[in-house]
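Here are my notes for someone opening this structure for the first time. Have the sequence and the model side by side while you read.

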Amino acid sequence: MAQVKYPEVALMIQGPTFDENKNTFKDHIDYYKTLFEEIIVSTYKEHLTTEFIEFCFNNSLKLVVRTEYVGQVDNRYNIAFQTVSSLNGLRQITKPYCLKHRTDEKYSNLEILIDLFLQDTEKMVTGGTVFGAKSYYPFHAADHLQIAKTEKFIRLFELTENEIYRDRKSTRLNSSHT
C-alpha cells in the first residue's frame, strides 16, 4: 500500500447507497486514498447493488453492512438508522482516530480539519446542522463531517443508542444485527 498522509486516522463513510447520483464521495476516492489507509463504508444491505460492491472491492474499501431494521423506535431524522450503522462501522476501525462523513457528500482539503484536530485529539470536531440568527440548537452535532478519537465516537453512538432504546428494552436490537 502506498504511503498515506494520516496513517493514524481512519475514514468512515456512512449512510444509504441506493441512489448512485447521491454517492458523491465516490468522486473523491482517489484523494481519500492519499490520506487514509483505512476507509470503511457503513451502509444497509437493502441498498447494495452489485456495482457498488464492486466499486468498494476495486478501491480496497471495507464494506460494512447491516439491515435497515432498527426495531420499533422513534427514528426521527433517521437518528436510529445513523446510530446503529455508525456503531457497526466504528467497531470495525483499527485506527485511534476517525473522520466520518455521509455517503451523499464529498470533501476536499480535509488536511486543514485533520491537522487542526491533531493539535488536540481530546476534542471532537463537528459541523453544526443549523446556521443563522435563529439557530435554536447551537450545539447540535450534525452527521455531515466529524472527527474524533475512535473510542469517543463509539461511546457517543453507544450513548445515543441507549437513549433511543431506553424505553424499548424488549425491542432493542444489537447494532451488529444483520
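What follows is a set of numbered points on parts of the fold that I'd look at.

1. Ground rules. This is a predicted model, so to speak of local features a pLDDT of at least 70 is needed, while side-chain atom pairs count only at pLDDT 80 or more and totals for chains, interfaces and linings use all residues. Residues are numbered from 1 along each chain as its sequence is written, and side-chain values use heavy atoms, with hydrogens and water left out.

2. The E2–E3 pair. Strand E2 (residues 39-44) and strand E3 (residues 62-66) run parallel and are joined by five bridges. Strands count as paired if DSSP finds at least two bridges between them; helices (H or I, at least four residues) and strands (E, at least two) are DSSP runs, numbered from the N terminus. Take Thr43 as a way in: its bridge partner in E3 is Val65. To get from E2 to E3 the chain passes through H2, making a right-handed β-α-β crossover. Right-handed here means that, with the strands pointing away from the viewer, the path from the first strand over the helix to the second runs clockwise.

3. The two sides of H2. Which residues of H2 are buried? Phe52, Phe55 and Cys56 are, where buried means under 20% relative accessible area, exposed over 50% and partly exposed in between (1.4 Å probe, protein chains only). These three are on the same side of H2, because they cover an arc of only 95° around the axis; the arc is that of the directions from the helix axis to the C-beta atoms. Turn to the other side of H2 and you meet Thr50, Glu51, Phe57 and Asn58, which are exposed.

4. H4, seen likewise. Leu110, Glu111, Leu113, Ile114 and Phe117 are buried in H4. They cover an arc of only 165° around the axis, so they sit on the same side of H4. Ile112 and Leu116 are exposed on the other side. As background, an α-helix has 3.6 residues a turn, so residues three or four places apart point the same way.

5. Phe25 meets Phe55. The whole structure has six aromatic pairs. One of them joins Phe25 and Phe55, edge-to-face, at 6.2 Å centre to centre and 75° between the planes. Rings of Phe, Tyr and Trp (its six-membered ring) pair if their centres lie within 6.5 Å; planes under 30 degrees apart count as stacked, over 60 as edge-to-face and the rest as tilted. Why does this pair tie together parts that are 30 residues apart in sequence? Phe25 lies in the loop between strand E1 (9-14) and helix H1 (29-35), whereas Phe55 is in helix H2 (residues 50-58). Phe25 is buried at 0% relative accessible area, and Phe55 is buried at 15%.

6. More around that spot. Phe25, Phe52 and Phe55 make up one aromatic cluster. Lys26 is worth a look too: its charged end sits over the ring of Phe55, 4.7 Å from the centre. To count, NZ of Lys or CZ of Arg must be within 6 Å of the ring centre and within 35 degrees of the ring normal.

7. A pair inside one helix. Phe153 and Phe157 are both in helix H5 (residues 150-164), four residues apart, about one turn of the helix. Their ring centres are 6.3 Å apart and the planes are at 25°, so this pair is stacked. Phe153 is buried with a relative accessible area of 0%; Phe157 counts as buried at 4%.

8. Cysteines. How many disulfides does the structure hold? Zero, with a disulfide taken as a pair of cysteine sulfur atoms within 2.5 Å. Cys56 is buried at 1% relative accessible area, and Cys98 is buried at 0%.

9. Positive phi values. Most residues other than glycine have a negative phi, and most peptide bonds are trans. Ser60 has a positive phi, near 55°; Ser60 is in the loop between H2 and E3 and is exposed at 55% relative accessible area. Asn109 has a positive phi near 60°, lies in the loop between strand E4 (97-102) and helix H4 (110-118), and counts as exposed at 52% relative accessibility.

10. Pro16. This proline is found in the loop between E1 and H1, and Pro16 is partly exposed, with a relative accessible area of 34%. The C-alpha atoms of Pro16 and Val41 are 9.8 Å apart, with their positions 25 residues apart along the chain.
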